[in-house]
Amino acid sequence: MDKSLHSRILRGMTQRSQILITGGGLNGATLALALAQCGHAVTLIDALPRATREERGFDGRSYALALASTKLLAQIGIWDELADKAQPMREIKVSDGQAGQGPSPFFLHFEESDLDEGPMGYMVEDRYLRRALLEALEAEPNITEVTGHTVLSQTPTATGISVTLDNGENLTGDLLVGADGRRSGTAARAGIKRTGWDYGQTALVCAISHEKPHDGIAHQFFMPPGPLAILPLTGNRSSIVWSETHARARAINAMDTEDYLKVLRPRFGDFLGDIDLEGDRFTYPLGLSLANAYFADRVALVGDAAHGMHPIAGQGLNAGLRDVAALAEVLTEATRRGENVASPLVLERYQQWRRFDTATLALATDTFNRLFSNDNPLLRLGRDIGLGITGAMGGLRRGFVREAAGLTGDLPKLMQGRAI
């Protein structure tokens, strides 16, 4: 069926699906596929026009996917499209120091051999992951896409929930899922409040090319203004995420390319040879933002709509995908038992499954950021010794590796590589 016709809704008429999803980004698209493949009728609403979402050029954005997240992508049928474009992370080195002075002699080193299942994770460029999801959405008959429009209102009733789009069209369903980011309109309209704070930091994100091979090694370098992550991409390229104060980040991002690189080089070092920029540059403010509830009347939240945290451990997208896997499992099993997917008892099961896990992860990232984003000599000594001790204790180190790979805790079936 022609997708333009498949997605079209006649003005003034109402179209019904079992589940409506607002936000067609990575979490929303993955959830739509997971649910549709379990037999649910899904409508996915995204504000971006499809042509914008299909942009094929490299813009510098990439994601660190934990091993468990790749199992989810394999289960929904898109990992085969990505595997040959993904860069395995075979080692992770965590160190402390200052720009231009090199790392502390105490550091934490995770190796692929610490994990029986294979690489701890993979780096995947946004253009490849997004395209694979879009192509899978296109091929799935249980999904209707509505693109280029935003939701203006949502009204729960005894029999369903209705949303009105900015063009006057109405959609109804049993449940509305908000996958629309930290400033979730879905959550706000449902009356779900948020708790959080600003870190006073802005992340600068870019991709670079470099002379020497990275050998699949990811680096996390803690500096007083904030952490610097150097994450391996395919070829002699790496993704860079580093944090500065808001004012300093604005000034750096406004620089031309050469001046920008002059700021980055002393932070980056010369261990990969000369570097140059690839793709665009991005900035985004850093803070903690947790929804006070993961559901309301006929509404559920996933991803950043439910929790936004510091990218210090690269777990933001992975936490969102774990939400997706958990919600898809809860709703599918509820449907098989004859339960209403929007029942508070059903949605409470999802909240209980995910809320503690994400709150714990958010607290850990918050604590790490506060502990390492300073130049206090006593704290520096304590954290450097802590890194060294952890690195020397094989059992503790392997536990951290399993955590980074997303293999700990009460894993949803999709993240175990199993069908729901």
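The exercises below concern one sheet in a predicted model. In this model, local features need pLDDT of at least 70 and side-chain atom pairs pLDDT 80 or more, while totals for chains, interfaces and linings use all residues. Residues are numbered from 1 along each chain as its sequence is written, and side-chain values use heavy atoms, without hydrogens and water.

**Exercise 1.** Work out which strands of the open sheet stand at its edges.

Solution.
1. Strands (DSSP runs of E, at least two residues) are numbered from the N terminus.
2. Two strands pair if DSSP finds at least two bridges between them.
3. Five bridges join β4 to β8, and three join β5 to β8.
4. The order is therefore β4-β8-β5, with antiparallel pairing.
5. β4 (62–66) and β5 (87–89) each have a single partner strand, so they stand at the edges, with one side of each left without a neighbour in the sheet.

**Exercise 2.** Find the bridge partner of P88 in β8, and the residue of β8 opposite A66.

Solution.
1. β8 covers residues 121–125.
2. P88 has Y122 as its bridge partner.
3. A66 stands opposite G121.

**Exercise 3.** Decide whether the faces of β4 are covered or open.

Solution.
1. Buried means under 20% relative accessible area, exposed over 50%, partly exposed in between (1.4 Å probe, protein chains only).
2. In a regular strand, side chains alternate between the two faces of the sheet.
3. On one side of β4, S62, A64 and A66 are buried; on the other, Y63 and L65 are buried.
4. Both faces are covered.
5. Five of the five residues of β4 are buried, so the strand is largely enclosed by the rest of the structure.

Key: Helix = DSSP H or I, 4+ residues; strand = E, 2+ residues; numbered from the N terminus.
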